[in-house]
Amino acid sequence: MQASSPLDLNFASYTKDEIISSKARVYLEKLFVALAASMLSATLGCFLFISYFEPFSRGIALFGSLLSMGFGMAVQMTQPAPNDKLDTLRASFLLGFAFFSGFSVGPLLDFVIHTNPESILKAIALTAIIFGCFFGAAIFAPRKHLLYLGGILGSALTMLFFISFFQLFFPSEFGFNVLLYGGLLIFSFIITFQTQVFIENAESGRTDYVRDSLSLFSSVVQVFIRVLIILNKNNNNDRRKKRE
């Protein structure tokens with residue numbers, strides 16, 4: 001059984017410049033509901049981690065990451081329910097993935113709460129704005145016009161991987177900033193690219209909103225993490241300047 005990737009393209013279905021059909025709009029509604037449920041599940045996971053598992057932060061975060069990977073693989077390796085029926089089992093896998101993703105993000109949130117707690121709400125608001133802008137760009141842009149980003153984004157992600165690997169052995173401020181700001185830009189554009197791919201897939205009959213919401217949720221989380229780190233970093237720099 002072959003898992004699909006958010007960067008997979010079926011170019012045969014991208015040959016018509018039609019407006020979004022009612023079928024695609026119904027799919028987008030399901031995608032939004034699944035994404036919103038994932039966000040709530042991740043929020044619950046973060047809350048439970050900070051409230052009850054903070055003393056065991058490293059072990060629990062690692063455990064949460066492993067469980068999150070397991071639920072993510074379960075979503076990718078199972079097929080959607082036939083005839084657009086409610087995909088209860090795979091939706092449960094998706095919520096499990098999001099919940100334990102909240103565990104893995106918990107240590108960062110716990111650190112920010114003790115240093116710059118106001119940054120969390122700002123990061124949530126900015127992430128929502130970024131998501132809305134880049135998602136809207138995909139919706140209102142002419143169909144298929146942003147699909148060329150796939151190759152560019154794939155190369156950019158490969159570059160980020162090698163930089164992060166290099167950072168393990170030769171850490172530097174420049175490499176950290178590339179991963180931080182470059183990653184924010186790349187994952188923002190991935191949201192746009194994924195959205196257009198999902199729409200075209202829906203137009204051609206592929207309406208696996210559970211798998212697609214998992215991919216979109218992962219991108220949004222990457223944006224949120226980077227926005228939160230940037231805000232916390234800027235607040236710490238401002239405080240340092242005031243002391244000087």
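A salt bridge is a side-chain nitrogen of Lys or Arg within 4 Å of a carboxyl oxygen of Asp or Glu. The structure holds three of these salt bridges. The model is predicted. Its protein chain has seven helices and zero strands, and buried residues make up 44% of the 244 residues.

**Overall fold**

- Read from the N terminus, the elements of the protein chain follow the order α-α-α-α-α-α-α.
- Among the contacts in the protein chain with a separation of 6 or more, 87% are between residues 24 or more positions apart.
- The exposed area of the protein chain is about 13400 Å², and 70% of it comes from carbon and sulfur atoms.

**Salt bridges around Asp 208**

- Asp 208 and Arg 90 meet through their side chains in a salt bridge, at 2.9 Å from N to O.
- Asp 208 lies in the loop between helix 6 and helix 7 while Arg 90 lies in helix 3, so this pair ties together parts that are 118 residues apart in sequence.
- Asp 208 counts as buried because its relative accessibility, 11%, is under 20%.
- Arg 90 is also on the buried side of that cut-off, with a relative accessibility of 1%.
- Asp 208 forms a salt bridge with Arg 211 too, and here the closest N and O atoms are 3.3 Å apart.
- Arg 211 and Asp 208 are both buried.
- Arg 90, Asp 208 and Arg 211 are joined into one network by salt bridges that share partners.

**Salt bridge between helix 6 and helix 7**

- The side chains of Lys 233 and Glu 173 meet in a salt bridge, with an N to O distance of 3.4 Å.
- Lys 233 is in helix 7 and Glu 173 is in helix 6, so to speak of this pair is to speak of a link between distant parts of the chain, 60 residues apart.

**Largest pocket**

- The largest pocket holds about 800 Å³ of space.
- Its lining consists of 27 residues, and those nearest the centre of the pocket are Phe 97, Phe 187, Ser 218, Ser 219 and Gln 222.
- Two or more lining residues come from each of helix 2 (57-77), helix 3 (88-115), helix 6 and helix 7 (209-243).
- Helix 7 gives the most to the lining of the largest pocket, with 10 residues.

**Buried serines in helix 2 and helix 6**

- Ser 68 is found in helix 2, and its relative accessible area of 6% makes it buried.
- Apart from neighbours within four places in sequence, Ser 68 is in contact with Phe 97, Phe 100 and Ser 101.
- Phe 97, one of the contacts of Ser 68, is also among the residues that lie nearest the centre of the largest pocket.
- Ser 188 is found in helix 6, which spans residues 173-203.
- Ser 188 is buried, and its relative accessible area is 3%.
- With neighbours within four places in sequence left aside, Ser 188 is in contact with Ile 130, Phe 134 and Val 223.
- The C-alpha atoms of Ser 188 and Cys 133 are 9.2 Å apart, while 55 residues separate the two along the chain.

**Helix 5 and the nonpolar surface patch**

- A nonpolar patch on the surface is formed by Phe 165, Phe 166, Leu 168, Phe 169 and Phe 170, which together have about 610 Å² of accessible area.
- Phe 165 belongs to helix 5, residues 149-169.
- Phe 165 counts as partly exposed because its relative accessibility of 45% falls between the cut-offs of 20% and 50%.
- Gln 167 also lies in helix 5, but at 14% relative accessibility Gln 167 counts as buried.
- Not counting residues up to four places away in sequence, Gln 167 touches Ser 172, Gly 175, Phe 176 and Leu 179.

Notes:
Residues are numbered from 1 along each chain as its sequence is written. This is a predicted model: local features need pLDDT of at least 70, side-chain atom pairs count only at pLDDT 80 or more; totals for chains, interfaces and linings use all residues. Side-chain values use heavy atoms; hydrogens and water are left out. Patches are made of residues with over 30% relative accessible area and no salt bridge: like charges are joined within 9 Å, nonpolar side chains (Val, Leu, Ile, Met, Phe, Trp, Tyr) within 5 Å. Accessible areas come from the Shrake-Rupley method with a 1.4 Å probe; for residues, only the protein chains shown count as cover. Helices (H or I, at least four residues) and strands (E, at least two) are DSSP runs, numbered from the N terminus. Buried means under 20% relative accessible area, exposed over 50%, partly exposed in between (1.4 Å probe, protein chains only). Contact means heavy atoms within 4.5 Å. On a 1 Å grid over the protein atoms alone, a cavity is a set of points where a 1.4 Å probe fits but cannot get out, and a pocket is an open set with protein on both sides within 12 Å along at least five of seven lines; lining residues have an atom within 4 Å of a point. Grid points are joined across faces, edges and corners, and a volume is the space filled by probe spheres set on the points.
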